[in-house]
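The exercises below are to be worked with the sequence and the structure in view. Each task is followed by a solution in steps.

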Amino acid sequence: MTAVSVSDNAEQSRFEVRLDGELGGFAEYVVDGDVVTFTHTEVAVEGKGLGGALVKHALLDVRERGLRVVPQCSFVRGYLEKHPELAEVTGE
């Protein structure tokens with residue numbers, strides 16, 4: 001069984017997803033006050049759910065901190081369209 005973990009690498013301004021300890025993708029962001037703008041997402045292995053796990057964790061983390069999301073990245077925007085239960089993070 002493979003282990004998937006997601007963490008915020010604040011020094012590099014990105015959330016990272018790891019598959020069995022190896023970097024499997026990231027979602028870059030910019031923070032401006034109480035707004036987190038997701039600018040770019042990359043996933044090395046498609047079809048394993050890494051992108052979804054990555055973005056879900058990132059959005060939940062941002063929501064928990066009381067911040068608002070601007071989904072500039074098309075992957076994050078698409079995830080929010082498919083998961084309206086998290087759409088409140090955009091403040092809309």
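Which residues are linked with Asp61 in a network of salt bridges?

**Exercise 1. The network around Asp61**

Task: Identify the members of this network in the predicted model, and classify Asp61 and Arg65 by their accessibility.

Solution.
Step 1. The network of salt bridges links Asp8, Asp61 and Arg65.
Step 2. Between Asp61 and Arg65, the closest N and O atoms are 2.9 Å apart, and a salt bridge requires a separation within 4 Å.
Step 3. Buried means under 20% relative accessible area and exposed means over 50%, with partly exposed in between. Asp61 has 22% relative accessibility and therefore counts as partly exposed. Arg65, with a relative accessible area of 44%, is also partly exposed.

**Exercise 2. The salt bridges of Glu16**

Task: State which side chains meet that of Glu16 in salt bridges, and decide whether each residue concerned is buried or partly exposed.

Solution.
Step 1. The structure holds five salt bridges. One of them joins the side chains of Glu16 and Arg14, with an N to O distance of 2.8 Å.
Step 2. The side chain of Glu16 also meets that of Arg18 in a salt bridge, at 3.2 Å from N to O.
Step 3. The relative accessibility of Glu16 is 5%, so Glu16 counts as buried. Arg14 has a relative accessible area of 13% and is likewise buried. Arg18, at 28% relative accessibility, counts as partly exposed.

**Exercise 3. The sheet and the helix**

Task: Give the strand order of the open sheet, explain why one side of S1 and of S5 is left without a neighbour, and place helix H1 relative to the strands.

Solution.
Step 1. The open sheet has five strands in the order S1-S2-S3-S4-S5, and its pairing is mixed.
Step 2. Strand S1 (4-9) and strand S5 (68-71) stand at the edges; each has a single partner strand, so one side of each lacks a neighbour in the sheet.
Step 3. On average, and with direction ignored, neighbouring strands of this sheet are turned by 25° against each other.
Step 4. Strand S2 (residues 14-19) and strand S3 (residues 22-32) run antiparallel and are joined by six bridges. Arg18 stands opposite Leu23 in S3; Arg18 is also the salt-bridge partner of Glu16 treated in Exercise 2.
Step 5. Helix H1 (residues 50-64) lies across S1, S2, S3, strand S4 (35-43) and S5. Relative to S2, helix H1 runs at about 140°.

Key. Residues are numbered from 1 along each chain as its sequence is written. This is a predicted model: local features need pLDDT of at least 70, side-chain atom pairs count only at pLDDT 80 or more; totals for chains, interfaces and linings use all residues. Side-chain values use heavy atoms; hydrogens and water are left out. Two strands pair if DSSP finds at least two bridges between them. Helices (H or I, at least four residues) and strands (E, at least two) are DSSP runs, numbered from the N terminus. Axes are lines fitted to C-alpha atoms, for helices over the stretch in contact, and angles run from 0 to 180 degrees between N-to-C directions. Contact means heavy atoms within 4.5 Å. Buried means under 20% relative accessible area, exposed over 50%, partly exposed in between (1.4 Å probe, protein chains only).
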